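Biologist: Before we go through this chain together, could we look at the model and take the contacts one at a time?

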Amino acid sequence: SNLSASCWSRLHPVNMFNSYNVKFHHRKALTSPYPGSHIERSQVPEDKVAWLTEWEDYNPVEYTAKSVLARPNWADPQINDEGFSPKFNERDGDVERKSLNGLYVVENGRPRNPVGRTGLTGRGLLGRWGPNHAADPVVTRWKRDGSGNKVAHPVSGKNILQFVAIKRRDCGEWAIPGGMVDPGEKITATLKREFEEEALNSLQKSPEEKAKLEKQLQKLFSHEHFVVYRGYVDDPRNTDNAWMETEAVNYHDETGETMDNLPLEAGDDAGVVKWVDISEKLELYASHSYFIKLVTEKQGAHWSEDPGSECHE
């Protein structure tokens, strides 16, 4: 319809960063205690989140997790460590330090969260100073009855879409089976690898089993796909100096033939994996509910029982 078309152009990911308000962005990135710790963030009132608002008394807590300070291969050194001179806002060797949202400010040698204050400096649980890049594959199919017919929602009359969801081991929340982009890795490779590891348990498969999965998945991941969102994520791990960004991509199996033959099996960071019916009642990790909503709008699927709520920011 014209309504959904105009709605879509207004919510289109290219313009999304500007149309988001800070309140939307910094809900989960202001929560305490910080994940995996007893650290309480300094409280940031809603009207003081934006850096443009002067706040001379702002005195955030400094915290970087011991697991990050131990210098695993996915983590940077501390800013003042000898020999560490990161190139912010550009490609730094194999590490992508450019933000999907454009240039960010670097203050006293530290990158500044582009969305605003979080009440915490340092890196928390995040490995990189500045943007930490992830990829989220949203794999969908139509819900079908025993005869193979699409199932419509009784109130909205729209067909119900399903997506592959995992239950995260770290926090117990349901999420898209995504993960971090490895240094030098192409985003398309990350999307496929993370789905295999989290939703198909490929790390525990034999080379033969893995090759078979790869062949089946190649069909789905080489199909036409839709970039749902590229940019900043409202993530509970974000700090003033380190934040999550993602590229969420929808791979839709229109007939269901590819995904029906793939055995879902939780692996890596996932505790459980299953097909989940999509609706506005879903409560998902970080900004994942928003990504899922955009997919339903693109596919013309059921989202809400209230027809007036299909299009709002």
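Modeller: This is a predicted model, and a good place to begin is Arg141, which lies over the face of Trp275, at 4.0 Å from the ring centre.

Biologist: Which ring does the charged end of Arg117 sit over?

Modeller: An arginine counts as sitting over a ring if its CZ is within 6 Å of the ring centre and within 35 degrees of the ring normal. For Arg117 the distance to the ring centre is 5.2 Å, and the ring is that of Tyr58.

Biologist: Are the ring planes of Phe221 and Tyr251 stacked or tilted?

Modeller: Phe221 belongs to helix H6 and Tyr251 to strand E12, 30 residues apart, and the pair links distant parts of the chain. Both Phe221 and Tyr251 are buried. Planes under 30 degrees apart count as stacked and those over 60 as edge-to-face; with ring centres 4.2 Å apart and planes at 35°, this pair is therefore tilted.

Biologist: And how are the rings of Tyr229 and Phe291 arranged?

Modeller: Tyr229, in strand E11, and Phe291, in helix H8, are 62 residues apart, and both are buried. Their centres lie 5.0 Å apart and their planes meet at 25°, so the pair is stacked.

Biologist: Which element gives the largest share of the largest nonpolar core?

Modeller: That core has 55 residues, and Val139, Phe163, Phe195 and Ile292 touch the most other members. Elements giving two or more residues to the core include strand E7, helix H5 and helix H8. The largest share, 6 residues, comes from E12.

Conventions:
Residues are numbered from 1 along each chain as its sequence is written. This is a predicted model: local features need pLDDT of at least 70, side-chain atom pairs count only at pLDDT 80 or more; totals for chains, interfaces and linings use all residues. Side-chain values use heavy atoms; hydrogens and water are left out. A nonpolar core is a set of buried Ala, Val, Leu, Ile, Met, Phe, Trp, Tyr and Cys residues joined through side-chain atoms within 4.5 Å. Buried means under 20% relative accessible area, exposed over 50%, partly exposed in between (1.4 Å probe, protein chains only). Helices (H or I, at least four residues) and strands (E, at least two) are DSSP runs, numbered from the N terminus. Rings of Phe, Tyr and Trp (its six-membered ring) pair if their centres lie within 6.5 Å; planes under 30 degrees apart count as stacked, over 60 as edge-to-face and the rest as tilted.
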